[in-house]
Every structure is written in C-alpha cells, then in structure tokens.
Amino acid sequence: MARRVLTDDIWLQIQDTMKFYGCYRSKNSKNIMEAILWKLRTGATWRDIPEDLCPWQTAYNRFNRWAIKGLWDKFFKLRGVLDTERVFIDGSYVRAHQHASGARRGEARAIGRSRGGATTKIHLAVDANGHPLDFEITGGETHDSQVAPQLIALVQTGHYLVADKGYDSEKIRESSRKHGMIPVIPRKSNSTKSNPEFSRYLYGLRYVVENAFARLKHFRGIATRFDKLARNYKAMLRLACIFIWCKAK
C-alpha cells in the first residue's frame, strides 16, 4: 500500500483552491492528488503509480490537462503570508535523465548543454524565510544574470534583493531599484566601482535560498528531470513549491 502524505489540513487548503478556480472535482480527487505527489516524490514513471491510489492514466491525464490549462500556476495562490523584507535569488542545475529526451519538435523543452551534460537550470526567488516566491526554468547553459530581470519582475516586491556576484551587473541593479528593491550584490574582484548598498550581514543570509533548493530536491522528480516538456517539469516544480508552502503554514 502506497504511503500517503496529504494531511486533512493540506487537503482542505487544496480543495478550497480547486473550488475557487472551478477545477474539476470527483470523489477520487484526493487519491488522484496523492498519486501525482507519489510520482513527484519518487521520480518513478507514471505507469508505476500504485494501483491502490488510482489508475495511472487517470493521474497522468489530470496532471497533464491542468498543466496545459495553467491550473498548477493558480494553485500557487496557496502561499501563506510573504516576508518580502528580503528577497534572495539564485540558480541551480538539474540533470536531465535520458527519458527527458524525445519531445515533439516545436515543443518548449528548457534543456541545454552544460559541463554536466544535458541539464535544466532552476532560477528561484525566495522570501526572508526561504519560502518560494516564484521561479523560471531554462536550459543549463543559460547564465543566472540573463534571467534575473525576468525573475525580479515576477516577484515585484521586497525591500532588499540579495544575490551573489554572478548577478553583478548594472542592468540587474537598475531592475531591482525600478521595483523598489535595494540590490545587495557584491562586486566582482576586477570591478573598480564602489558598492555602498552592499551589506555583509544580509549577504551572509543567502543560505536560505540554498536551503530552499535542498528542500525542493528532496522530491526526486525535481532533483532529476524526467519530464520531456518544460511545461510539465515546471508544473511539477510548482507542485513541489505548493507542498512546501502548505507544510509551512
């Protein structure tokens, strides 16, 4: 019998969101959600979902249909109270399994080549408590600084933006100021510009975003990418963030 992880409290939060957005609900909805979470936690194939939860086709069809409609993004509204006094951003590589290849031509994949081979990169923003605020995914060859303005625009709130020296560029600093955030980013060693906004104390708190990546990668479906499409991997990542938020409430 498969281990279940949906507590009554978490399921109530999910049900309320499903009702608010008019998601299809059935008597078996909780087991279907458990099946999707089982896939996320184990990284196994859809066909291996335990039969005592639900037929694997039912779980896959529900997940895929909601991913196409963008309903997993709606579930991100389950986030609790945000502490955006400090916003931390960073990127992390994820190895793409060989099963992630073979998507139809024209479909977005967000898989690239880096030193680690076929990889995807997660660009994540977290609040002062290390809870996910938002994210983007790209191919592994994409530098963190290229996605930073887009990530800042997604967050759109905060007093301080804390990042490592890989984000040291005037474009990123101006983007953060434009959204009302003070950039706390160290200068590169060869830079001759002053950095009056830098705070060594705030920079020392960057471990919260590293811890957030560690929590996300407890889910084996996140730590190794098995999904062929960027849309589906992003939906799985969204679900992992939702589960972290629900447990934190």
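## Buried charges, aromatic rings and nonpolar cores

Both Asp 168 and Arg 187 are buried, and in this predicted model their side chains meet in a salt bridge with a nitrogen-to-oxygen distance of 3.5 Å. The pair links distant parts of the chain, since Asp 168 sits in the loop between strand S5 (160-162) and helix H6 (170-178), whereas Arg 187 belongs to the loop between strand S6 (182-184) and helix H7 (200-203), 19 residues apart. Asp 168 and Arg 187 also take part in a network of salt bridges that links them with Glu 170, Arg 173 and Lys 193.

The structure holds 16 salt bridges, and three of them are set out below, each with the distance between nitrogen and oxygen.

| Salt bridge | N to O distance |
|---|---|
| Asp 168 and Arg 187 | 3.5 Å |
| Glu 174 and Arg 177 | 2.7 Å |
| Arg 177 and Glu 197 | 2.8 Å |

Arg 177 appears twice in this table, with Glu 174 as one partner and Glu 197 as another. Glu 174 and Arg 177 both lie in helix H6, 3 residues apart, which is about one turn of the helix. Arg 177 in helix H6 and Glu 197 in the loop between S6 and H7 form a pair that ties together parts 20 residues apart in sequence. At a relative accessibility of 33%, Arg 177 counts as partly exposed; Glu 174 is likewise partly exposed, with a relative accessible area of 45%, and Glu 197 is partly exposed at 26%.

Aromatic side chains form a further set of contacts, and the count comes to 6 aromatic pairs. In one of them, the ring centres of Trp 46 and Tyr 60 are 5.4 Å apart and the ring planes stand at 75 degrees, so the pair is edge-to-face. This pair, too, links distant parts of the chain, because Trp 46 lies in the loop between helix H2 (29-42) and helix H3 (56-69), while Tyr 60 lies in helix H3, 14 residues apart. Trp 46 counts as buried at 12% relative accessibility, whereas Tyr 60, at 28%, counts as partly exposed. Ring pairs join Trp 46 and Tyr 60 with Phe 63, Trp 66 and Trp 72 into a cluster.

Trp 72 also belongs to the largest nonpolar core, which has 57 residues and in which Trp 72, Ile 122 and Ile 222 have the most contacts. Helix H10 (residues 230-248) gives the most to this core, with 12 residues. Leaving aside neighbours within four places in sequence, Ile 222 is in contact with Leu 40, Val 94, Ile 122, Leu 216, Tyr 233, Met 236, Leu 237 and Ala 240. Apart from the largest core lies another, of 14 residues, among them Ile 152, Val 155, Tyr 167 and Met 181.

Helix H1 (residues 8-20) has 13 residues and reaches 18 Å from its first C-alpha to its last, close to the 18 Å expected at 1.5 Å a residue. Within H1, the residues Ile 10, Trp 11, Gln 13, Ile 14, Thr 17 and Met 18 are buried. Seen down the axis of H1, its buried residues fall within an arc of 160 degrees, so they line one face of the helix. The face turned away from this buried side carries the exposed residues Asp 8, Lys 19 and Phe 20. Just after H1, Gly 22 takes a positive phi of about 70 degrees.

Note on methods. Residues numbered from 1 in each chain as written. Predicted model: local features only at pLDDT ≥ 70, side-chain atom pairs only at ≥ 80, totals over all residues. Heavy atoms only, no water. Phe/Tyr/Trp six-rings, centres within 6.5 Å; stacked < 30°, edge-to-face > 60°. Helix = DSSP H or I, 4+ residues; strand = E, 2+ residues; numbered from the N terminus. Buried < 20%, exposed > 50% of the residue type's maximum accessible area, 1.4 Å probe, protein only. Salt bridge = Lys/Arg side-chain N within 4 Å of Asp/Glu carboxyl O. Core = buried A, V, L, I, M, F, W, Y, C linked by side-chain atoms within 4.5 Å. Contact = heavy atoms within 4.5 Å. Expected span 1.5 Å × (residues − 1). Arc of directions from axis to C-beta.
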